[in-house]
Amino acid sequence: MIQMAVLGFGTVGSGVVELIDQNQDVIKRTIPEGIFVKHILDLREFPDSPYCDRVTHDYQDILEDEEITVICETMGGKNPAYAFTKAALERGISVCTSNKELVAAHGPELLSIAAKNNCSYLFEASVGGGIPLIRPINACLKQEKITAVYGILNGTTNYIITRMEKAGLSFEASLKEAQEKGYAERNPAADVEGHDACRKIAILSSLICGKTVRYEDIPCEGITGITTTDFSYARAMNMAIKLLGVCRVAEDGSISVRTAPFLVRENHPLHSVQDVFNGVFVHGNMVDDLMFYGRGAGKFPTASAVVSDVIECAKNIGRTVEFVWDNEIVPLSDPMNESYRYFVRVSSAEAAKAGEIFGRLSEIRFEGMPEDEFAFVTPKMTEGEIRKTLNCFVSASKEQRIRLLED
Ligand code: HSE
């Protein structure tokens with residue numbers, strides 16, 4: 001039997017333990033000896049849990065148990081997850097994780113420690129929750145030149161957006177619901193300010209280029225500046241506002257990456273990705289467009305992805321499941337040179353000025369819109385140009401624009 005341990009008995013960690021019990025019969029089709037969770041590491045006691053006898057507060061109990069071959073790190077955050085992961089890999093124990101913060105910050109280093117110690121560091125659950133995405137990229141698309149990967153990568157914000165749009169809930173009420181459903185990070189700022197999606201697009205961008213895209217280098221905006229009025233304008237344009245992570249590789253090989261809210265047209269498949277679901281596009285030069293879709297957060301969907309990695313490790317005991325992800329840092333293209341069309345709102349007093357600057361504009365209107373506003377979509381222009389141009393308006397800050405997703 002494969003003996004394993006789980007670090008962190010929170011939403012995902014408890015999902016892993018329960019899933020392994022519940023689906024042991026199907027798991028045995030691949031791993032006939034079965035998988036058993038021998039230890040659960042957490043600071044808390046769980047007296048009412050059927051697994052309470054497996055809880056330990058001392059990581060050494062796990063590291064020093066020679067029967068343990070796989071660890072699931074579902075603690076989240078960099079510390080102590082980083083030290084715990086390193087210590088396990090150095091002993092030849094494979095680690096499977098849902099911890100995108102750690103993967104984005106130390107992925108190549110941990111992969112290289114795993115390779116030196118004939119074990120694996122796997123992170124399917126770190127991007128897209130339950131969606132199989134990392135393994136398809138790493139195993140099925142090695143022959144492709146991938147020129148774009150983009151999509152909805154954060155379940156919490158997509159849930160918030162959907163509830164604000166469809167149920168008319170406030171931002172705070174929608175966030176509270178997402179937290180109650182176990183979607184949000186411990187500190188929801190990581191979700192709503194875009195950092196979680198940013199780390200995920202950094203991981204995907206790194207995997208498609210085989211080098212390191214640092215999330216610190218990626219321009220990152222969240223959804224905190226989006227208002228219910230913006231949603232109404234979006235509806236008037238037959239569009240939806242979605243928080244996207246976008247990575248594009250230009251013909252000359254230069255790479256641009258961004259996390260921001262985008263307006264998505266109605267006939268784009270990402271338009272209908274709602275609730276906690278994530279949707280990710282990958283474009284390969286031979287396979288063309290692929291789309292991955294599923295629950296981007298939540299106890300069992302995320303646990304499912306973690307356990308898929310446990311099975312992969314169990315099939316490869318004594319070997320390394322390899323990734324091409326070098327620690328060489330990729331310089332990203334200057335974000336100021338990216339071009340988009342932008343949705344902009346200014347005061348009606350500045351409507352004439354908008355016409356002079358941008359040329360002929362169609363006003364976007366909806367019933368009940370603010371009386372003193374003029375809203376429009378600009379022609380295509382660079383980030384540098386829109387910033388400079390918006391500075392000419394008293395009623396619009398340079399931040400006050402939403403990009404349109406073009407494809
Ligand atoms: N908070 C994350 C999200 C969890 O909502 O997408 C899954 O990574």
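**Exercise 1. Work out which helices supply at least two residues each to the lining of the largest pocket, and which domains take part.**

Step 1. Start with the helices: α1 (11-22), α5 (100-116), α7 (155-166), α9 (189-192), α10 (195-209) and α12 (299-315) each supply at least two residues of that lining. Helices here are DSSP runs of H or I with at least four residues, strands are E runs of at least two, and both are numbered from the N terminus. With three residues, α10 gives the most.

Before going on, a note on the model: it is predicted, so local features need pLDDT of at least 70 and side-chain atom pairs count only at pLDDT 80 or more, while totals for chains, interfaces and linings use all residues. Residues are numbered from 1 along each chain as its sequence is written, and side-chain values use heavy atoms, with hydrogens and water left out.

Step 2. Now the pocket itself. Its volume is about 1100 Å³. A pocket is an open set of points on a 1 Å grid over the protein atoms alone, where a 1.4 Å probe fits, with protein on both sides within 12 Å along at least five of seven lines; lining residues have an atom within 4 Å of a point. Points are joined across faces, edges and corners, and the volume is the space filled by probe spheres set on them.

Step 3. Of the 46 lining residues, T74, M75, G76, E185 and R186 are the closest to the pocket centre. By type, the lining splits into 13 nonpolar, 21 polar and twelve charged residues. Nonpolar covers Ala, Val, Leu, Ile, Met, Phe, Trp, Tyr, Cys and Pro; charged covers Asp, Glu, Lys and Arg; the others, Gly among them, are polar.

Step 4. Bring in the domains. The assignment gives domain 1 (2-129 + 299-315), domain 2 (135-295) and domain 3 (336-405); such bounds come from an automatic or database assignment. Domain 1 and domain 2 each put at least three residues into the lining. As for domain 3, its centre and that of domain 1 are 49 Å apart, taken over C-alpha atoms.

**Exercise 2. Find the residues with the most contacts inside the largest nonpolar core, then look around I71.**

Step 1. A nonpolar core is a set of buried Ala, Val, Leu, Ile, Met, Phe, Trp, Tyr and Cys residues joined through side-chain atoms within 4.5 Å. Buried means under 20% relative accessible area, exposed over 50%, and partly exposed in between (1.4 Å probe, protein chains only).

Step 2. The largest core has 109 residues, and M4, V16, I71, Y121 and F123 have the most contacts inside it. Apart from it lies another core of 27 residues, including L244, F262, V264 and L390.

Step 3. Leaving out residues up to four places away in sequence, I71 touches A5, L7, Y59, I62, A88, I93, S94, V95 and C96. Contact means heavy atoms within 4.5 Å.

**Exercise 3. Decide whether T85, F393 and P335 are buried or partly exposed, and list what each one touches.**

Step 1. T85 sits in helix α4 (residues 81-90). It counts as buried because its relative accessibility is 1%. Beyond four places in sequence, T85 contacts E73, V95, L102, L110 and Y121.

Step 2. F393 is in the loop between α14 (383-390) and β16 (401-404). At 4% relative accessibility, F393 is buried too. V346 is 47 residues away from F393 in sequence, yet their C-alpha atoms are 7.5 Å apart. V346 is also one of the residues F393 touches, along with E350, K353, A354, I357 and F358.

Step 3. P335 lies in the loop between α12 and β12 (339-340). Its 26% makes P335 partly exposed. P335 is in contact with P219, R258 and E383, neighbours within four places aside.

**Exercise 4. Spot the backbone oddities at P80, D275 and D288.**

Step 1. Recall the background: most residues other than glycine have a negative phi, and most peptide bonds are trans.

Step 2. N79 and P80 are joined by a cis peptide bond, with omega about 5°. P80 is in the loop between β4 (68-73) and α4.

Step 3. D275 has a positive phi, near 60°, and belongs to the loop between β9 (255-265) and β10 (277-284). D288, also positive at about 70°, is in strand β11 (residues 288-295). D275 is partly exposed at 32%, and D288 is partly exposed at 43%.
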